[in-house]
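Trainee: Could you take me through this one and show me how each label is earned?

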Amino acid sequence: MLNEEQAKKIKHEILKQIESFPENQRKQAREQIEAMNPEELEQFLVKNKMMKEAGEEIETGKQECVFCLILQGKVPGYKLDENSGSLAILEINPLSKGHSLIISKNHDKLSNQAFSLANKISKKIKSKLKPEEVKIESGKVLGHELINIIPIYKNIKLEKRKADEKELILLQDKLKTAKREKKEKKTQEIKKIIIKAPRRIP
Ligand SMILES: [Zn+2]
């Protein structure tokens, strides 16, 4: 287990490594790193294969990124929906209620699938949470291509904070695509096909 002092040193090292990021992404990455307690930091390092023993060494070069690990199911996420090119999850350090991320299944490239999932989630947020508007921003975080979906509410400033688990579970329940919805959709599609089929005239 890392102590506070070690955690502080390691955070400092990681923050140095992300200095080459564009300003807006650097800010987000920095806040995420700074918000971690020593235990979370240790888990983050181990999962990213950045720690060999007791926080002594940080490997540079290619590391598995936390978003790739979420995609592999090795790091848990509050999943909302998924398609062939992307995965939608809740941001655990949201700027506003319902702030979600569309993680590209390809670390380096965003597909059209990711944008279509972003639109779908944005519509869902609009109907369920009634924000004034929803901002959609694409960019890299820790090197991984993703899309931020940020609801904007009247008279509420955007401010990054740590969401508690209960809140995230409630939001996940509201925003996720229920299995029943998918089933209903399928039934509707089948009905459509049946209706579309030309009738035979005897
Ligand atoms: Zn990645």
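What follows is a chat about the labels used for this model.

Mentor: Two ground rules. This is a predicted model, where local features need pLDDT of at least 70 and side-chain atom pairs count only at pLDDT 80 or more, while totals for chains, interfaces and linings use all residues. Residues are numbered from 1 along each chain as its sequence is written.

Trainee: Fine. What makes Leu142 buried or exposed?

Mentor: Count the neighbours. A residue is buried if 20 or more other C-beta atoms lie within 10 Å of its own, exposed if 12 or fewer, and partly exposed in between, with C-beta atoms placed from the backbone. Leu142 has 21 other C-beta atoms within 10 Å, so it is buried.

Trainee: And Asn155, in the loop between E5 and helix H6 (165-175): why is Asn155 called buried or exposed?

Mentor: Asn155 has 5 other C-beta atoms within 10 Å, so it is exposed. Asn155 also has a positive phi of about 60°, though it is not a glycine. Leu142, sitting in the loop between E4 and E5, has a positive phi too, of about 50°. Most residues other than glycine have a negative phi.

Trainee: How do you know that E4 and E5 pair?

Mentor: Strands are DSSP runs of E, at least two residues long, and helices are runs of H or I, at least four, numbered from the N terminus. Two strands pair if DSSP finds at least two bridges between them. Strand E4 (residues 133-141) and strand E5 (residues 144-152) have nine bridges, in the antiparallel sense; in one of them, Ile136 partners Ile149 of E5. Strand E3 (residues 100-104) pairs with E5 over four bridges, also antiparallel, and Ile102 stands opposite Ile147 there.

Trainee: What makes E1 and E4 edge strands?

Mentor: The open sheet runs E1-E2-E3-E5-E4, and strand E1 (79-82) and E4 each pair on one side only.

Trainee: Last one: why is H1 called roughly parallel or roughly antiparallel to H2?

Mentor: Axes are lines fitted to C-alpha atoms, for helices over the stretch in contact, and angles run from 0 to 180 degrees between N-to-C directions. Under 35 degrees counts as roughly parallel, over 145 as roughly antiparallel, 65 to 115 as roughly perpendicular and the rest as oblique. Helix H1 (residues 4-17) and helix H2 (residues 23-34) pack at about 170°, with axes 10 Å apart. H1 is therefore roughly antiparallel to H2.
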